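Let's walk through this model together, starting with its aromatic rings and moving on to charges, surface and overall makeup. Keep the viewer open as you read.

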Amino acid sequence: DYSALLFLGGRYQVRSSAIGEKGPQVTPCRMTGASNLISVIFRNWRAKIVAPILFGIGLVSTFAGQLALSHVTTAADFGIYILIYNAAAVLSALGAAGYDLTAVRFVANALNRKDNSYIHSYLRHAVKMSGALALIAAALMLAYLAGTVGLNWPILGLALLVTLLWSWSRLAAGILRGLDRLSFALISDRVSRDFLVMLLAISALLLTTAVPIHMALLILAIGSLFGIVIGSAVSRQYLRSAAQRQRDDADDVLPALTPAEPGLWLLASLGLLAYNIAELLSSRFDVFALSYLSTAEAVGAFGLGLLLINLVTIPSGFITMLLMPAVAIAHHDGDRARLRRLFVLSTSASFATGICIAAVLAFLMPYLDRFLPPATVASLRPELLGLAIGVRVLCLIGTFPPVLLMMAGGHRQLILAHAASIAVRVILFVAFGAIVDANFAILTFVAGTVVVTALNLWQVLPGLFKGQGEDRKPSSPLQD
């Protein structure tokens, strides 16, 4: 998640030259008094404890909400919900037009310069571009659903509404990240949307009532709308306060104003948008392929299986966020020795936590019928789920390289890795299209994950472990 780069906004800042040349560059602020990595992590955790709590609430809301929803909807309706949810997740990134990502750079830098006019110019430009691309994203959603679930107009209308509102809630959250309001950004983009769906599903489960697909989609749209309202209100209030503080400044020294740069904004946004779309599409490609080659019930079963598989990756996300400042400093200094220690630390911690979760899942595997709907249990093969979970744990070795590639401007390598992953899965789906079901989609997902992990490691490890006797080198380890 690119927003993790602002997880400790007070510790370092993200700046960039034009995307396509060097990509996002991280300028760390020195952390004094840290005798070792553990003390650095502990201090950072205490400094920003609210953000990981909200991040965790968002993850739990997604998992618990979809798990509970599978029990209160029909298998076909749940499959349609999973399909629309994943399509909206990808198309909303297109609708935000990448401006939710570049706000981290342009808004944050203008805020540091106290250049409010530049921020307002950027926001007006971002809203216009996002508005246009959100309509294109909605049209793509319409075309996609017409080819999969048919012309069910109530469902199509709600899916279009979800896509539009999700796009703009992404943009609102990105602006909040640029204003260094990460907690509100997490509420706007993750918590408000998935938390409401979780409340609906759990309430229906406790009351033993069914939830129509239209109601679930409507709540999803309302949650995205809340995110827009929260993001707009907080951003507006913050900018007003900043302008008032500037007017009340005793020295009356006006900041140097920078002219609007719409061409640069567009170029930077499209560069990060390409990577964001590649990553989102790669992680959800199997859902889309399955929706064309199989049934909605198979999509729902695969969606629940994927939730179980990805549970082992949740701790690695927190570990990566906590280590980000230390990685930024070591990369900035070209300190290979410290980067290697961070790589070993993050991989070991991810493995340890992932194995613990995998062990719990292995213990619960014979009792899946107590947690999952009977139709899903009948569709999924437990031994295949166990194999997929084991491979996913092994692939946790690849959680560190993308972070370093992002900091070194390796967006092209990351995009190519995801493109190769998608290509491998396309070949598998085309070659074995006659036997495609939820279990086959799990196999293709695992194959794609292995491809991405292997390519990212191949891009990073040779430069990272070259010259192990050198403690420091002025250039980036990835530039050799």
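Aromatic pairs number 13 in this predicted model. Take Phe285 and Phe429 to begin with: their ring centres are 6.2 Å apart and their planes meet at 65 degrees, so this pair counts as edge-to-face. Phe285 belongs to helix α9 and Phe429 to helix α16, so the two rings tie together parts of the chain that are 144 residues apart in sequence. Both Phe285 and Phe429 are buried.

A second pair, Phe432 and Phe440, has another geometry for you to look at. Here the ring centres lie 6.0 Å apart with the planes at 55 degrees, so the pair is described as tilted. The surroundings of the two partners can be read from their accessibility: Phe432 is partly exposed, at 40% relative accessible area, whereas Phe440 is buried, at 10%. If you would like a bigger group of rings to look at, Tyr99, Phe106, Tyr118, Tyr122 and Trp265 form one aromatic cluster.

Now let's turn to charge. Side chains of opposite charge can pair when their charged atoms come close. How many salt bridges does a search of the whole structure find? The search turns up five. One of them brings together the side chains of Asp286 and Arg425, with an N to O distance of 2.7 Å. Asp286 sits in helix α9 (residues 262-293) and Arg425 in helix α16 (residues 411-431), so this salt bridge ties together parts that are 139 residues apart in sequence. You may recognise these helices: α9 and α16 also supply Phe285 and Phe429. Are the two charged partners buried or exposed? Asp286 is buried, with a relative accessible area of 0%, and Arg425 is buried too, at 1%.

Another salt bridge joins Arg193 and Asp194, at 3.9 Å from N to O. Arg193 and Asp194 are both buried. For a pair in other surroundings, look at Glu383 and Arg381, whose closest N and O atoms are 2.9 Å apart. Glu383 is partly exposed, with a relative accessible area of 49%, and Arg381 is also partly exposed, at 48%. Beyond single pairs, Arg177, Asp189, Arg193 and Asp194 are joined into one network by salt bridges that share partners.

Next, the surface. Which residues form a nonpolar patch there? They are Ile49, Val50, Ile53, Ile57, Phe195 and Leu199, and together they have about 460 Å² of accessible area. Two helices, α2 (50-72) and α7 (182-206), are the elements that give two or more residues to this patch. Helix α2 makes the largest contribution, with three residues. Val50 has its place in α2, and this residue is partly exposed, with a relative accessible area of 46%.

Finally, step back to the chain as a whole. The protein chain has 17 helices and two strands, and buried residues make up 55% of its 480 residues. Among contacts with a separation of 6 or more, 80% are between residues 24 or more positions apart. The salt bridge between Asp286 and Arg425, for instance, links parts 139 residues apart. As for the outside, the protein chain exposes about 20,100 Å², and carbon and sulfur atoms supply 68% of that area.

Note on methods: Residues numbered from 1 in each chain as written. Predicted model: local features only at pLDDT ≥ 70, side-chain atom pairs only at ≥ 80, totals over all residues. Heavy atoms only, no water. Salt bridge = Lys/Arg side-chain N within 4 Å of Asp/Glu carboxyl O. Buried < 20%, exposed > 50% of the residue type's maximum accessible area, 1.4 Å probe, protein only. Helix = DSSP H or I, 4+ residues; strand = E, 2+ residues; numbered from the N terminus. Patch = residues over 30% accessible without salt bridge, like charges linked within 9 Å, V, L, I, M, F, W, Y side chains within 5 Å. Areas by Shrake-Rupley, 256 points an atom, 1.4 Å probe, with all protein chains shown as cover. Contact = heavy atoms within 4.5 Å. Phe/Tyr/Trp six-rings, centres within 6.5 Å; stacked < 30°, edge-to-face > 60°.
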